[in-house]
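Trainee: I'm new to this one. Could you walk me through it and tell me how the labels are earned?

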Amino acid sequence: MRTTIAAASAAAVLGTVVFAGAAPAAADSTKLLPIRAADNLIVDSGRQRLLLSDESSGIVALGYDGTVAGRYALPGVSDLFLTRDAARLYAAVPAEHKIVALDAETLQRVGDYPVGDTVLPYHLVATSGKIWFGYSDKPAGSFSGKENIGSLDVSGESPVVALDLGDPKWDDPWYDKAPRLAAAAGDAGRIAVAGVQQDAVLDVSDGTAKVVARVDAISVSSEKQDVGLSPDGELMATTVYGEYAARLRRTSDLEEVRRLPVEGGSTALDFAADGTVAVGAGGVYDPDVYVFASGSSTAVRNYEFGNSSDNSSGGDRLARDAVAWEPGGSRLFAISSNHEGEFTLRVFTEPRKSQPTLALTGPSTAARARALTVSGTLAASLALPAGTPVTVTRTDAETPGGVSLGTRTITASGGFSFTDTPQAGGRVTYRVAYAGDETRLAVSATHAVEVARTTPSLALNNNGKVYHYGQNVPFTAYLGATYKNRVVEFYADPWGGDLGRRRIGKATVNSKGYAYASLKVYRNTGVQAVFAGDTRFAPRTVAATVYSRVPVSLKLSKYYRTGKIGSRTYRYYRKTGKPTFLVTMPRYTKRTAYIRADIWYQGRWHLAFEGDVPVNAKGQAGAYISSVKGLAGYRFRIRAAYRNGASGDSVNYTTYTAYQYFTVSR
């Protein structure tokens, strides 16, 4: 226990003062610290500073926000305490066999107090005008030291050291663990002593140590991790390595009065001015700090540090003796370390208040305008009475700012429920909130329900129709019943991917539900009518595909005359001629023109030749027959085409020219 005997304050005299309507406390905070070790946390509330020892380098002063306010190089410090007037900070330095005094404001060294050439002081407290310390007396070369308690009186002209003030049972025959000491913040004239083989309460009010009560150690492990004395001096608390609780005993007879259970083993503790106890735990997968109200064995609150390291599955740990209350204040401070050797300051602003839990259950989906029920449970470490109110708010597309659904009250088991009939579709969120009180924090929870919206009737004409190239095509959309939105948007997406989808119209439907738009079509085009939806009707899109014929023409040249054969007109070519054909159509990337000629033979048409000819930049594709000498007397027909998917692209509708006829003269 880091007993902080700090400057008296108005709050210490008057007790806790609560201002009605005061703003809520600041949120809990964390700050990574520029240190490599941390022990013996003390709160200097008058200066709003934290004092701690870094065993490797010395003493560090921090602001409440974790900013370094000062340092003093003094390696090997094992314990610290601050005098009642906050003027002096004393440090036990075992390796130097002395207790060192610093000016608490400047952290400058103002005194050295040797306690014996073989004496190693480890733990300190101050009360009744003296410094009391637990030590190990270990002469050079000896295997084991002798542990006991001593005192240091610096009130006179010369310091006075007294040793061997306790029972021989303070001796640790195995590990040289010196007794741990604690004094009451209220200066009750008593100190608590926790050793390997014995715990005791000593009356030191007259400057001498007299036994009030003592008991042989009865824990499952002899190593005391921390010891504390309640502010009124009536209770002694200990944490012991391997025990999953802090023990509280009466100082009058050291009879155990209760245990404060924790997971992961108890490691540290501190009493607040009102008797609230903070207990640190040593587990890496369990909460790290537990808070117990005065007189209670049930934690009102616990804090889990989480894991700030990427190299371990376990969480951060509480540093040694690194949990401390703010004297006269409400804050609780702790320092944690992770597996990478980083230390973090943690400030808890309302640790005395229970943190309730609020859980909601209900449907994840629902029909619109149908009743649904949401149930919940409100629980807290400080039990809530039946009739405790919670407020219910609904937020949806029609009321994005939320609308109150009133209050509900919990049952004796913490349960409650409410029924609502949502009119708006989409995501509907129910928020339940408990306002908190003097002993419990506020809490809220939400439950979201996806409420189905009605699918509206929406139709679009012209699907599958084929139009001439560049023709202006009117489109009509029909929208059935909706709630408030009566707008339809029209979009066109020409085939090919290079032009992209664009809006071609937006209109409010007329009284009969119709909206209109038009589009000149040069390619096959997907057209969509889009209803964006409203709070009660779902969005909907319907599509139509219209097709555009390519204007394909075929011109024959280098014939010498025309004439009729039957009812058809023929072009006549000489045997020495060179029939030439020119196809014209709108150009497009990699587009080709298809040409096919058939020959009349044995009473029917047979394929003579066919092929695809690239269309040039002018939209033309040419072909010719190099020699027709052997074709005299034969009749031919020929046509050209753009074929969707076979002419290099798919952006237009397959289009053929009419047949043209030619023959070769004999």
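Mentor: Sure. Two strands count as paired if DSSP finds at least two bridges between them. Keep in mind that this is a predicted model.

Trainee: So what makes β16 and β17 a pair?

Mentor: Six bridges join β16 to β17 (residues 210–216), and the cut-off is at least two, so they pair. The two strands run antiparallel, with Leu 202 opposite Val 211 in β17. They form a hairpin with six residues between them, and Gly 207 in that turn has a positive phi of about 90 degrees.

Trainee: And what about β15 and β16, how do you know that they pair?

Mentor: Strand β15 (residues 190–194) meets β16 over five bridges, in the antiparallel sense. At least two are needed, so that counts as well. Here Val 193 stands opposite Ala 200 in β16, and this hairpin has three residues between its strands.

Trainee: Why is β16 called largely enclosed?

Mentor: Five of the six residues of β16 (residues 198–203) are buried, so the rest of the structure largely encloses this strand. Buried means under 20% relative accessible area.

Trainee: Why are β22 and β25 called edge strands?

Mentor: Their open sheet has four strands in the order β22-β23-β24-β25, paired antiparallel. Both β22 (266–271) and β25 (299–303) pair on one side only. Inside that sheet, β23 (residues 277–281) and β24 (residues 289–292) pair over four bridges, and Ala 278 sits opposite Val 291 in β24.

How values were computed:
Residues are numbered from 1 along each chain as its sequence is written. This is a predicted model: local features need pLDDT of at least 70, side-chain atom pairs count only at pLDDT 80 or more; totals for chains, interfaces and linings use all residues. Side-chain values use heavy atoms; hydrogens and water are left out. Buried means under 20% relative accessible area, exposed over 50%, partly exposed in between (1.4 Å probe, protein chains only).
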